[in-house]
Amino acid sequence: MHKRSIIVVAGLLAALTTGGAGAASAGTRASVGAASASCGQQTRVEVFREGGVPLLDWRENLEFDGRGTLWVSHLTKNRVEGYAPDGTSRGGFPLAGPGGIRRGPDGMMYVNYGVSPLTPRGGVVRFDPAAAEPRPRTVVDGISGINGLAVDSAGNLYLSRELARGILKFRPDGTRDEAWTKAADIFGGNGLDIVGDQLYVSVLTDPTSRIVRVPLHDPGRYATVARLTPNPLRDKFLDDLTHFRGGLVVAGFRSGELIRVDPATGRSCVLATGLRMPTSVRTAQGFGGLDPEHHLFVVEASGRIVKVTVD
């Protein structure tokens, strides 16, 4: 069973029980929630782009191109969308079941496709975010069950699989690095993020909400760096994650939280609450003059895009 089926019931419950007012229209900044004080910081959560019917308007992932555009994978509309800092549309293109989206070292944007269970054939495409009409070109094709994506400084691609073993690695030419994949023997990977020479993985299928660190040059020495819910009955269903202020921030799909994690100690705290099935989080890079040390953006399965300001 695909992740979208596994967590649909939990997602509906989260949508009904998490706080926040109705979605605002594009370009508005209406406040929709306050953060828990557990991280000891004041946090504001504001609507950047409205959503629709929860789960039916599922936005899955996001990334900044560093040139003033936010790119979003809209899973259920089978489309990659671009947005300006004021929330207005900058176009996009159709793509079957888009998922993880990341900027590569070449300045190109890379996107997983085939993430939706209705599009079983998947792979990765690349597009130029500076083009007037971006045209995706296939880099990897013919794989299934993928979700998260990361790109290292050499242009290697890493793909997570929610219900299979091993983090897939593809070289820049699209060939698979079988030895690396076999060594990174992690079951149920979801979110991926690279910090230096380390790949961090959130594990969807572990009821203790586990985060794993994988050395890029020695993947067999992967290790758990945090377990966020020792009680398996309170699994947060960890989704995507990003680096922020020297640590990590991970989205708790079921709990409706952003959770800050120190990978050196395993300690964690809740940075923001009241979100509606958050699926991905990224720091604002080259976007409307926002400081990446203070601003995070989140997409949700509710369809919303929200801005989180951390003082």
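**A disulfide, a sheet and salt bridges**

Cys39 counts as buried, because its relative accessibility of 15% falls under the 20% limit. This value, like the others below, comes from a predicted model. Cys39 is joined to Cys269 by a disulfide, with an S to S distance of 1.9 Å. A search of the whole structure finds one such bond. The two cysteines come from distant parts of the chain, 230 residues apart. Cys39 sits in the loop between strand E1 (31-34) and strand E2 (43-49), whereas Cys269 belongs to strand E21 (residues 268-272). The torsion about the S-S bond is about 100°, and the disulfide is therefore right-handed.

The chain as a whole contains three helices and 24 strands. Of its 311 residues, 58% count as buried. The accessible surface comes to about 12,000 Å², and carbon and sulfur atoms account for 51% of that area. Among contacts between residues at least 6 apart in sequence, 48% join residues at least 24 apart.

Strand E2, which follows the loop of Cys39, also takes part in a long-range link through charged side chains. Glu46 forms a salt bridge with Lys307, and their closest N and O atoms are 3.8 Å apart. Because Glu46 lies in strand E2 and Lys307 in strand E24 (residues 305-310), the pair ties together parts that are 261 residues apart in sequence. Both Glu46 and Lys307 are buried.

Elsewhere, four strands form an open sheet in the order E14-E15-E16-E17, with antiparallel pairing. Its edges are strand E14 (189-195) and strand E17 (223-227), each of which pairs on one side only. From one strand to the next, the twist averages 25°. Strand E16 (residues 210-215) pairs with E17 over four bridges in the antiparallel sense, and Arg210 has Arg227 of E17 as its bridge partner.

Arg227 also makes a side-chain contact: Asp206 and Arg227 meet in a salt bridge, at 3.3 Å from N to O. Asp206 lies in the loop between strand E15 (198-203) and E16, while Arg227 lies in strand E17, so this salt bridge ties together parts that are 21 residues apart in sequence. The two partners differ in exposure: Asp206 is buried, with a relative accessible area of 14%, and Arg227 is partly exposed at 45%. Salt bridges that share partners also join Glu63, Asp193 and Arg282 into one network.

The structure holds 18 salt bridges. Another of them brings together the side chains of Arg176 and Glu178, at 4.0 Å from N to O. Arg176 is partly exposed, with a relative accessible area of 30%.

Terms used
Residues numbered from 1 in each chain as written. Predicted model: local features only at pLDDT ≥ 70, side-chain atom pairs only at ≥ 80, totals over all residues. Heavy atoms only, no water. Disulfide = S-S within 2.5 Å. Buried < 20%, exposed > 50% of the residue type's maximum accessible area, 1.4 Å probe, protein only. Pairing = 2+ DSSP bridges. Axes fitted to C-alpha atoms, helices over the stretch in contact; angles between N-to-C directions. Contact = heavy atoms within 4.5 Å. Areas by Shrake-Rupley, 256 points an atom, 1.4 Å probe, with all protein chains shown as cover.
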